[in-house]
Structure formats: structure tokens, C-alpha cells
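Biologist: I have a chain on the screen and a list of things to ask. Can we go through it residue by residue?

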Amino acid sequence: MTHRFIPANESGGEGAAIAAVIDPSYAEAIKRWTREVLRLGEDDVVTVSEIACVDAGCPLVETVVAVFAAEGETRSWRFTRPRVAVTKMMVMQTLATPAKRS
């Protein structure tokens, strides 16, 4: 049995799985949850990026959420999974921890 983080699509097949991975609605949901949890203003910017890693010991794909506050502060959090596998509960728990600041 094969387990996938990618939800099934009505049309099925590998093409459907690839379409699910690049579906922007996953990133939009993570951005919305981030805004809700952190109670961000309209001028604050949230980005969601997937980053591939080839180093031994790190996940193949990470999702990075960055918040660029209107007053200039930047914070970021990493999820050790693709964005399609990030849930609202994960966002709530992760954003409750101190962020990496830059």
C-alpha cells in the first residue's frame, strides 16, 4: 500500500498528484491560518515557500512560513514537510513557539 500526503483528485493518476502539489490553495490556507493565529494586520505580509534539501539528515522538502511585519520585523518558522501536508493544528502549535527572527 502506498501512502501519500497528496490528496486524491477526481481525475486520479500521477498528473492529478502533481497538480495537487502545486495547487496554490494550500499556500493560501497556510497564510490565512498564520494571519488568524498571529492576529496580523493588513499591512503585514505572509509568505509560504517550499524548499528542497539535499543534505543528509534533513527532510527532502520543508515548508517555510515567513511574516514580514509592517514595522520591519521578520519572523519565520519551518515545517519539516511539504505544504500539502501542513495542517491548521500544526500551524497553531508551531506559531506558538518562538520564531527565528531576522
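Biologist: Which residues does Thr 63 touch, leaving out those up to four places away in sequence?
Modeller: This is a predicted model, so every value here is computed from predicted coordinates. Contact means heavy atoms within 4.5 Å. On that basis Thr 63 touches Ile 30, Val 48, Ser 49, Glu 50, Trp 77, Arg 78, Phe 79, Arg 81, Pro 82, Arg 83 and Val 86.

Biologist: Is Thr 63 buried or exposed?
Modeller: Thr 63 is found in strand 2. The cut-off for buried is under 20% relative accessible area. Thr 63 has 0% relative accessibility, so this residue counts as buried.

Biologist: Which backbone oxygen does the side chain of Thr 63 reach?
Modeller: Arg 81 is among the residues that Thr 63 touches. The distance from the Thr 63 side chain is 2.7 Å, and the partner is the backbone oxygen of Arg 81.

Biologist: What does Phe 79 touch, not counting residues up to four places away in sequence?
Modeller: Phe 79 is one of the residues with the most contacts inside the largest nonpolar core. Thr 63 has Phe 79 on its contact list. The full set for Phe 79 is Val 61, Glu 62, Thr 63, Val 65, Val 86, Met 90, Val 91, Thr 94 and Leu 95.

Biologist: Which element gives the largest share of the largest nonpolar core?
Modeller: That core has 15 residues, and those with the most contacts inside it are Ile 30, Val 65, Phe 79 and Val 91. Helix 2 (24-38), strand 1 (45-52), strand 2 (61-68), strand 3 (74-79) and helix 3 (88-95) each supply at least two residues of this core. The largest share is four residues, and they come from helix 2.

Biologist: In what order do the elements of the protein run from the N terminus on?
Modeller: There are three helices and four strands to place. From the N terminus on, the order is α-α-β-β-β-α-β.

Biologist: What share of the residues in the protein is buried?
Modeller: The protein exposes about 6800 Å², and carbon and sulfur atoms supply 55% of that area. The protein has 102 residues, and the buried share is 33%.

Biologist: How many residues apart are Lys 88 and Glu 36?
Modeller: Their side chains meet in a salt bridge, 3.5 Å from N to O. The pair links distant parts of the chain: Lys 88 is in helix 3, Glu 36 is in helix 2, and the separation is 52 residues.

Biologist: What are the relative accessible areas of Lys 88 and Glu 36?
Modeller: Partly exposed lies between the 20% and 50% cut-offs. Both residues carry that label: Lys 88 at 38%, and Glu 36 at 42%.

Biologist: About how many helical turns separate Glu 28 and Lys 31?
Modeller: These two form a salt bridge, with the closest N and O atoms 3.6 Å apart. Glu 28 is partly exposed at 44% relative accessibility, and Lys 31 is partly exposed at 25%. Because they are three residues apart in helix 2, the separation is about one helical turn.

Biologist: Arg 78 forms a salt bridge with Glu 62. Is Glu 62 buried or exposed?
Modeller: The closest N and O atoms of the pair are 2.9 Å apart. The bridge links Arg 78 in strand 3 to Glu 62 in strand 2, 16 residues apart. Arg 78 is partly exposed at 47% relative accessibility. Glu 62 is at 15%, so Glu 62 counts as buried.

Biologist: How many salt bridges does the structure hold?
Modeller: Glu 28 pairs with Lys 31. Lys 88 pairs with Glu 36, and Arg 78 pairs with Glu 62. The total is three.

Biologist: Which residue does a disulfide join to Cys 53?
Modeller: Cys 53 is found in the loop between strand 1 and strand 2. Cys 53 counts as buried at 19% relative accessibility. Cys 53 touches Cys 58, Pro 59 and Leu 60, not counting residues up to four places away in sequence. The S to S distance is 1.8 Å, and the partner is Cys 58.

Biologist: What is the handedness of the disulfide of Cys 53 and Cys 58?
Modeller: The structure holds one disulfide. Cys 58 is partly exposed, with a relative accessible area of 24%. The torsion about the S-S bond is about -110 degrees, so the disulfide is left-handed.

Conventions
Residues numbered from 1 in each chain as written. Predicted model: local features only at pLDDT ≥ 70, side-chain atom pairs only at ≥ 80, totals over all residues. Heavy atoms only, no water. Buried < 20%, exposed > 50% of the residue type's maximum accessible area, 1.4 Å probe, protein only. Areas by Shrake-Rupley, 256 points an atom, 1.4 Å probe, with all protein chains shown as cover. Core = buried A, V, L, I, M, F, W, Y, C linked by side-chain atoms within 4.5 Å. Polar contact = N/O pair within 3.5 Å; in protein donor to acceptor, adjacent residues only side chain to side chain. Salt bridge = Lys/Arg side-chain N within 4 Å of Asp/Glu carboxyl O. Disulfide = S-S within 2.5 Å.
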